[in-house]
Structure formats: structure tokens, C-alpha cells
Amino acid sequence: MLILSACTGVQSPLAPAGDQASALHMLLIVMTVVCGLVYLLVMGGLVWALMRARSRRRKDEGRAEKRVDRALHVAAGVIVVGLTILITASFFADRALFATRGQDAMAVRVTGHQWWWRIEYRDPASGRWIETANELHLPLGRTTRVELTSGDVIHSFWVPNVSGKIDMIPGRRNLLDLTPRRTGWFRGACTEFCGAQHAHMAFDVKVEAPADFDLWLKTQAAPAASGAPVTGRGAQLFATKCAACHRIRGTSATGRAGPDLTHIAARRSIAAGTLPMTRGALQGWIAQPQALKPGTSMPAVPLLPADADALAAYLARLR
Ligand code: CUA
């Protein structure tokens with residue numbers, strides 16, 4: 001039951017929700033079947049040889065040797081056929097992964113940082129880049145070409161339900177095409193050990209209808225000022241305590257060291273998939289980031305209770 005429960009997960013290559021993941025899933029099935037058959041054959045041969053050694057009689061020597069010869073021929077044949085099937089399946093899976101490479105795709109840049117994800121979309125209308133963090137939205141049935149790199153050490157990008165994984169290397173640009181075929185929430189993760197909080201370097205992935213996606217992108221492109229009040233105690237506190245590292249477009253906060261927080265309240269989680277996006281979690285994260293994610297670049301921000309409340313309330317309005 002526990003094994004089967006993994007088949008329907010939001011972070012599982014066994015429940016493909018995209019073209020590339022389906023190709024890899026098929027390859028996985030072929031490999032499991034072929035390798036399983038080879039395993040059974042080897043084990044069967046071993047048992048047969050052991051039994052034969054026990055009951056061997058000198059007078060049958062000639063006939064027995066002929067039988068061994070025949071068995072070896074069959075085994076060699078099965079191995080050649082098995083390898084041919086594996087090579088063919090691998091070839092076609094590889095072709096499927098790159099089938100969209102020549103086509104027009106939506107451009108997204110993802111940069112890995114210890115331990116969060118900078119995500120940028122190219123606005124098809126204006127051509128400028130729209131920044132967000134730790135949440136990837138994908139339009140259903142369209143191909144998104146993700147350009148991956150890293151700002152510090154080697155990370156690896158993997159959304160198992162949608163595609164295979166690929167490394168994010170400083171100074172290099174790796175490309176990965178994602179063509180999702182099922183709407184819903186999925187989870188992506190870093191799959192290359194990158195330091196103390198490697199396990200807390202995840203992100204949410206939402207596959208949605210193209211119209212919903214276009215609306216989301218339009219909202220993301222807008223500055224915070226258009227949707228939420230950017231004045232008040234919380235906004236003032238942000239400008240003095242947080243603006244050196246975080247940006248909120250439409251305000252004086254222009255820091256680039258940490259995640260862009262322009263529409264943080266519209267996200268599903270905070271701190272790279274570590275905590276749910278709620279006002280309480282925000283307040284806890286601001287007060288004690290080192291307790292929740294030891295080693296993170298985010299320093300604790302000492303605040304009076306009323307100020308902590310005002311700051312969290314301000315961020316929770318940035319939808
Ligand atoms: Cu980033 Cu592991």
C-alpha cells in the first residue's frame with residue numbers, strides 16, 4: 001500500500017503529467033521488465049546448474065555438455081535481444097525529451113541559490129523579464145523552455161511529474177523543455193546536494209489552463225502598488241529592515257540578494273517550500289529564520305511584537 005501510494009504523488013515520476021515525464025516513465029517500465037526477465041533467467045540458470053551438479057552422473061557427460069551448450073546459446077540470445085530493446089527504448093525516450101527543441105516555446109529562467117529559486121518569465125507582450133520566486137506556473141499543453149543556471153554552487157532542477165532532472169551549474173546555461181498535460185499542483189526539488197539546507201530547497205509547480213496562466217502572468221507583471229496599499233507601519237518597517245535584500249516592485253525596496261516579494265501572498269509556500277504561506281508562518285520566519293532553516297542567508301529581524309505583526313500583515317496583503 002505504501003509503495004502504491006507513491007504512484008499518485010505530487011512529486012512522483014510514476015504519475016507522469018507531462019510529455020517528457022511520460023517518455024521517461026515508459027523507459028522505466030521497459031527497463032524494469034527487461035532487467036526483471038534477465039534477473040529471473042540468471043537465477044533460474046543458477047538453480048538449474050546447482051541441481052544438475054548434484055545429480056550428475058559420469059555416463060551422461062556427453063549429453064549433459066550438449067545441454068549446457070544449448071542453455072548458453074539461449075542465454076546469449078536473450079541478453080542480445082534484451083540489450084537491443086533497452087537501446088531502442090532509450091533512443092526513443094531521448095528523442096521525446098528533445099522533440100520540442102526546435103519549436104517556439106515560452107521562455108523562463110530559473111537560477112538556483114542557497115537555498116531558493118529565482119524564477120523569471122519573459123513577458124510575451126513587452127519582452128521584459130518578470131521576476132518571482134519559489135513557485136513555477138506552467139500553461140497546460142504549451143511547451144515552456146526553462147533556462148537553468150546557478151548563482152553559487154551546483155544545484156539540480158527536478159519536477160518529477162513533468163520532466164527529468166538537469167543540473168544547474170554556475171556560469172553555464174542548461175535547457176529543459178516542459179510540456180505539461182494535466183492541471184494541478186506539483187512539487188519540484190533540488191536534487192544535487194548543495195549544503196546544509198539542500199532538503200529545504202523545494203518549489204511549488206502549478207499547471208493551469210492557458211487563460212488562467214495568462215491572467216497569473218499579468219498579475220505578476222504588475223507592481224505591488226496596483227493591488228495592495230504600500231504605505232503604513234508594515235511598509236515602513238520593510239523599507240528599513242528588509243529592502244536591502246528583497247524587492248517589492250512599486251516600492252522603494254529594490255534588493256536583489258533574496259527572493260522578489262512583490263506578490264508573495266499569492267504564493268503557496270514561503271522559504272522555498274518550507275512553510276505554508278500564512279501570516280503566522282511569515283511572522284515566525286522573520287523572527288527565527290535560523291531556527292527553521294539553519295544556515296540560511298536570511299538574518300533574524302528583531303522586532304517589537306506590534307511591529308512584527310504589522311510587517312507580517314503588510315506582506316500577507318501582497319497578492
Ligand atoms: Cu540546491 Cu540541493
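**Figure 1. Salt bridge between Lys-206 and Glu-208.** In this predicted model, Glu-208 counts as buried, at 7% relative accessibility. Its salt-bridge partner is Lys-206, and the N to O distance between the two side chains is 3.7 Å. Lys-206 counts as partly exposed, because its relative accessibility is 26% and the buried class is kept for values under 20%. The pair therefore joins a buried residue, Glu-208, to a partly exposed one, Lys-206.

**Figure 2. A network of salt bridges.** Six residues are shown in this view: Arg-118, Glu-131, Arg-247, Arg-249, Arg-256 and Asp-260. Salt bridges that share partners join these residues into one network. Over the whole structure, a search finds 14 salt bridges.

**Figure 3. Salt bridge between Arg-101 and Asp-177.** The side chains of Arg-101 and Asp-177 meet in a salt bridge, with 3.6 Å from N to O. Arg-101 lies in the loop between helix 3 (61-97) and strand 1, whereas Asp-177 belongs to strand 8 (residues 174-178), so the pair ties together parts that are 76 residues apart in sequence. How accessible are the two partners, Arg-101 and Asp-177? Arg-101 counts as partly exposed, with a relative accessibility of 27%. Asp-177 counts as buried, with a value of 1%.

**Figure 4. Salt bridge between Glu-120 and Arg-109.** Glu-120 and Arg-109 form a salt bridge in which the closest N and O atoms are 3.3 Å apart. Glu-120 is in strand 2 and Arg-109 is in strand 1; the pair, 11 residues apart, links distant parts of the chain. Glu-120 is buried, as its relative accessible area is 9%. Arg-109, with a relative accessible area of 23%, is partly exposed.

**Figure 5. Cis peptide bond between Gln-114 and Trp-115.** The peptide bond that joins Gln-114 and Trp-115 is cis, and its omega angle is about 0 degrees. Trp-115 is found in the loop between strand 1 (106-113) and strand 2 (116-122). These two strands also hold the partners of the preceding view, Arg-109 in strand 1 and Glu-120 in strand 2.

**Figure 6. Positive phi at Asn-134.** Asn-134 is not a glycine, although its phi is positive, at about 60 degrees. Where in the chain does Asn-134 lie? Asn-134 is placed in the loop between strand 3 (129-133) and strand 4 (135-139). Is Asn-134 buried or exposed? Asn-134 counts as buried, because its relative accessibility is 6% and buried means under 20%.

**Figure 7. Positive phi at Ala-271.** Ala-271 is a residue other than glycine with a positive phi, near 55 degrees. The loop between strand 11 and strand 12 (275-276) contains Ala-271. At 14% relative accessibility, Ala-271 counts as buried.

**Figure 8. The largest pocket.** The largest pocket has a volume of about 600 Å³. Its lining is made of 31 residues, and those closest to the centre are His-246, Gly-258, Pro-259, Trp-285 and Met-298. Which elements give two or more residues to this lining? They are helix 5 (233-241), strand 11 (269-270) and helix 6 (279-287). Helix 6 gives the most, with 3 residues. By residue class, the lining divides into 21 nonpolar, 7 polar and 3 charged residues.

**Figure 9. A nonpolar patch on the surface.** This patch has an area of about 990 Å². It is made by Met-26, Ile-29, Val-33, Leu-37, Tyr-39, Leu-40, Val-42, Met-43, Leu-46 and Leu-50. One of these residues, Tyr-39, is found in helix 2 (residues 19-54). Tyr-39 is classed as exposed, because its relative accessible area is 52% and exposed means over 50%.

**Figure 10. Leu-292 and Leu-275.** Leu-292 is found in helix 7 (residues 289-292). How many residues separate Leu-292 from Leu-275 in sequence? The two are 17 residues apart in sequence, and their C-alpha atoms are 9.1 Å apart in space. Leu-292 counts as partly exposed, with a relative accessibility of 33%.

Notes:
Residues numbered from 1 in each chain as written. Predicted model: local features only at pLDDT ≥ 70, side-chain atom pairs only at ≥ 80, totals over all residues. Heavy atoms only, no water. Patch = residues over 30% accessible without salt bridge, like charges linked within 9 Å, V, L, I, M, F, W, Y side chains within 5 Å. Areas by Shrake-Rupley, 256 points an atom, 1.4 Å probe, with all protein chains shown as cover. Salt bridge = Lys/Arg side-chain N within 4 Å of Asp/Glu carboxyl O. Helix = DSSP H or I, 4+ residues; strand = E, 2+ residues; numbered from the N terminus. Buried < 20%, exposed > 50% of the residue type's maximum accessible area, 1.4 Å probe, protein only. 1 Å grid on protein atoms, 1.4 Å probe; cavity = no way out; pocket = protein on both sides within 12 Å on 5 of 7 lines; lining within 4 Å. Points joined across faces, edges and corners; volume = space filled by probe spheres on them. Nonpolar A, V, L, I, M, F, W, Y, C, P; charged D, E, K, R; others polar.
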